[in-house]
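This report looks at a metal site and at one helix, and it is best read with the sequence and the structure side by side.

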Amino acid sequence: MPNILIQNGRVIDPSQGLDRVTSVLLRDGKVAAYDAEPNGQDTIIDAAGRIVAPGLIDMHVHLREPGREEDETIATGTAAALSGGFTSIACMPNTEPPIDSQGSVEFIKGQAARADRCNVFVVACVSKNRAGEELAEIGQLVEAGAVAFTDDGSPIANPELMRRAFEYCLMFDKPVLNHAEILELTEHGVMHEGLTAMLLGLSGMPPAAEDVMVSRDIALAEATGGRYHVMHVSTGSAVDAVRRAKARGVRVTAEVAPHHFTLTDESLRSFDSNFKMNPPLRAKGHVKGVTDGLIDGTIDVIATDHAPHAKEKKMQELDRAPFGIVGLETALGLVVTKLINPGHLDWPTALAKLTCNPARILHLPKGTLQIGADADVTIINPAARWTVDPAEFRSKSTNTPFAGWELTGRAEVVIVGGRIKFDRR
Ligand SMILES: [Zn+2]
Ligand SMILES: [Zn+2]
């Protein structure tokens with residue numbers, strides 16, 4: 001394996017409170033030294049003006065394989081991850097068949113190894129066949145390598161199943177990730193319930209559908225001592241519930257997706273299905289609520305909920321089109337443009353939500369540039385100005401609401417396990 005010296009970059013590693021201009025030596029796939037001098041390394045990267053960060057982690061990605069390869073495959077999804085600056089992703093189990101057995105976990109790992117792009121960690125089903133009735137074989141799935149559990153795509157509707165999921169996962173110190181939605185409150189819903197939905201004549205999904213389930217899950221986590229992670233928080237009220245739960249010591253963490261801090265329900269005036277996601281784009285006050293949660297640390301993680309859908313599916317009329325957008329290739333630019341440059345977050349705080357925080361929640365040996373750690377590195381050009389062009393996506397799908405957006409900040413070189421896997425220079 002070639003040795004790589006990254007020189008002159010601003011190295012920001014929130015896991016060790018590091019933020020200074022220095023050089024990093026990568027040797028034998030590991031972080032080997034700081035302040036190293038050029039000394040016959042195979043590759044020298046001049047990172048002047050660049051940010052050198054631990055490889056980014058996206059803990060919420062839908063790779064669609066097996067079963068919906070027309071939307072995405074493990075090969076194309078991991079290519080999209082690299083181009084977005086991600087060296088590790090966690091994939092969701094709502095595939096066909098769902099990831100609810102040792103064999104299915106092994107299949108994903110095998111395909112990821114064959115693709116040989118970024119690291120793929122598997123989040124397995126809470127319930128057998130993701131049917132919401134019977135607990136999956138949690139112990140066996142942990143043994144196969146599952147890092148967390150969820151039925152995402154659907155909520156864990158049954159509170160007794162959720163309670164037992166907390167209890168079982170606690171034995172293996174694994175978090176339960178829930179898509180918080182009371183389905184009875186969102187039936188036939190297309191977008192956020194509010195003034196805009198009323199004006200457009202579209203059926204609404206009330207914030208209470210999310211808030212009620214987040215509150216329920218917090219109560220169950222508190223009662224069991226279980227580890228609860230709230231997926232794609234979209235309401236200010238849910239952020240508030242998480243904030244209060246954390247204050248009294250409940251083991252709860254939370255993530256927000258870039259579209260929820262950048263867009264509002266007003267976008268639906270276009271009737272473009274690329275603005276249709278679940279949870280839906282909310283009204284302004286909620287966008288402020290999740291942004292405040294990012295600022296005060298209530299929200300631990302930024303995760304994309306990358307949800308590719310083939311063009312013919314998204315081109316259906318609004319109430320028939322599936323929910324979700326791709327996110328891997330626009331996330332970093334949106335974080336820089338909408339959170340860092342306006343002064344909401346500084347670089348170390350933003351990077352923590354993309355590196356050591358998701359690593360801590362999923363117990364991944366990633367998200368750090370400590371000596372001896374895996375040499376997963378993302379070199380970012382913080383000043384790169386670029387226009388989102390879906391035709392350039394590595395993802396198999398192009399369902400993005402950000403086409404044509406001018407963004408600042410982009411991954412330039414992405415290194416996984418000491419090997420350069422992506423180079424935009
Ligand atoms: Zn979800
Ligand atoms: Zn999802």
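The text below takes up the metal site and then the helix, both as they appear in a predicted model.

**The zinc site**

The zinc ion (ligand 2) is held by His60 (NE2), His62 (NE2), Asp152 (OD) and Asp305 (OD), at 2.1 to 2.3 Å, and in sequence these donor residues follow the spacing H-x1-H-x89-D-x152-D. The 4 donor atoms subtend angles of 83 to 170° at the zinc ion (ligand 2), which makes the arrangement irregular. Asp152 also serves as a bridge between the zinc ion (ligand 2) and the zinc ion (ligand 1), and the two ions lie 3.5 Å apart. Because Asp152 and Asp305 sit in separate loops, as the table sets out, the pair ties together parts that are 153 residues apart in sequence.

| Residue | Loop between | Relative accessible area |
|---|---|---|
| Asp152 | β9 (148-150) and α4 (159-171) | 2%, buried |
| Asp305 | β15 (301-302) and α11 (311-314) | 10%, buried |

**Helix α2**

Helix α2 (residues 102-115) has 14 residues, which at 1.5 Å a residue should span 20 Å, and this agrees with the 20 Å between its end C-alpha atoms. Within α2, the residues Ser104, Val105, Ile108, Gln111, Ala112 and Ala115 are buried; they cover an arc of only 130° around the axis, which puts them on the same side of α2. Ala113 and Arg114, by contrast, are exposed on the other side of α2. The buried residues of α2 are covered by elements including α1 (74-83), β7 (86-91), β8 (119-125) and α3 (138-144). Just after α2, Asp116 adopts a positive phi of about 55°.

Note on methods. Residues numbered from 1 in each chain as written. Chains lettered and ligands numbered in written order. Predicted model: local features only at pLDDT ≥ 70, side-chain atom pairs only at ≥ 80, totals over all residues. Heavy atoms only, no water. Donors = N, O, S within 2.8 Å, 3.2 Å for Na, K, Ca; no water. Tetrahedral: all angles 85-135°; square planar, octahedral: opposite > 155°, others 65-115°. Helix = DSSP H or I, 4+ residues; strand = E, 2+ residues; numbered from the N terminus. Buried < 20%, exposed > 50% of the residue type's maximum accessible area, 1.4 Å probe, protein only. Expected span 1.5 Å × (residues − 1). Arc of directions from axis to C-beta. Contact = heavy atoms within 4.5 Å.
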